[in-house]
Amino acid sequence: MTGTTLARLAALRADSAPLERAREMVERLGRPLGPADLAELARATGVPVAALRAAVSSYADLAQGPAEARVCVGTSCALAGAERLAADLATRTTVRTVHCLGHCDRSPAVLLRDGRVVAPSTGADVAGVLEAP
């Protein structure tokens with residue numbers, strides 16, 4: 001890439017923050033972004049729809065919509081009972097499984113929608129955090 005292209009991309013990122021806007025839209029809508037949403041985002045950011053679709057599809061929270069709890073089911077967490085934990089939590093809130101939260105030393109790990117990590121976790125631990133004001 002040329003210096004001009006890199007400068008244009010940096011300015012575009014600084015001005016439009018397309019992924020941050022996509023995240024805000026998903027949070028506001030409570031669902032993944034559809035074709036009309038991507039078109040609206042493209043108009044607002046100046047980023048082509050195809051580029052937005054490719055970027056959004058790379059991030060589970062943007063492609064699948066928000067979940068209150070994301071339960072790691074990577075090897076360490078799976079061995080520590082993550083599937084059972086996810087099933088238990090699914091009876092209380094929206095849950096999505098993910099494949100690594102980076103807390104393998106404290107398995108199983110749960111990432112809450114507000115960014116907090118509960119690890120090691122049990123259904124009761126997470127339920128208590130979710131119910132807290």
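## Helices across a four-stranded sheet

Helix 8 (residues 123-131) lies across strand 3 and strand 4, running at about 5° to strand 3. This is a predicted model, where local features need pLDDT of at least 70, side-chain atom pairs count only at pLDDT 80 or more, and totals for chains, interfaces and linings use all residues. Residues are numbered from 1 along each chain as its sequence is written, and side-chain values use heavy atoms, with hydrogens and water left out.

Helices (H or I, at least four residues) and strands (E, at least two) are DSSP runs numbered from the N terminus. Contact means heavy atoms within 4.5 Å. Axes are lines fitted to C-alpha atoms, for helices over the stretch in contact, and angles run from 0 to 180 degrees between N-to-C directions.

Here are the two helices that lie across the sheet strands:

| Helix | Strands crossed | Angle |
|---|---|---|
| Helix 7 (residues 82-90) | strand 1, strand 2 and strand 3 (110-112) | about 165° to strand 1 |
| Helix 8 (residues 123-131) | strand 3 and strand 4 | about 5° to strand 3 |

The sheet itself is open, with four strands in the order 2-1-3-4 and mixed pairing. Strand 2 (95-98) and strand 4 (117-118) are at the edges with a single partner strand each, so one side of each has no neighbour in the sheet. Strand 1 (residues 69-72) pairs with strand 2 in the parallel sense over four bridges; two strands pair if DSSP finds at least two bridges between them. Cys72 has Val98 in strand 2 as its bridge partner.

Elsewhere, helix 2 (residues 18-29) packs with helix 3 (residues 35-45) at an angle of about 140°, their axes 11 Å apart.
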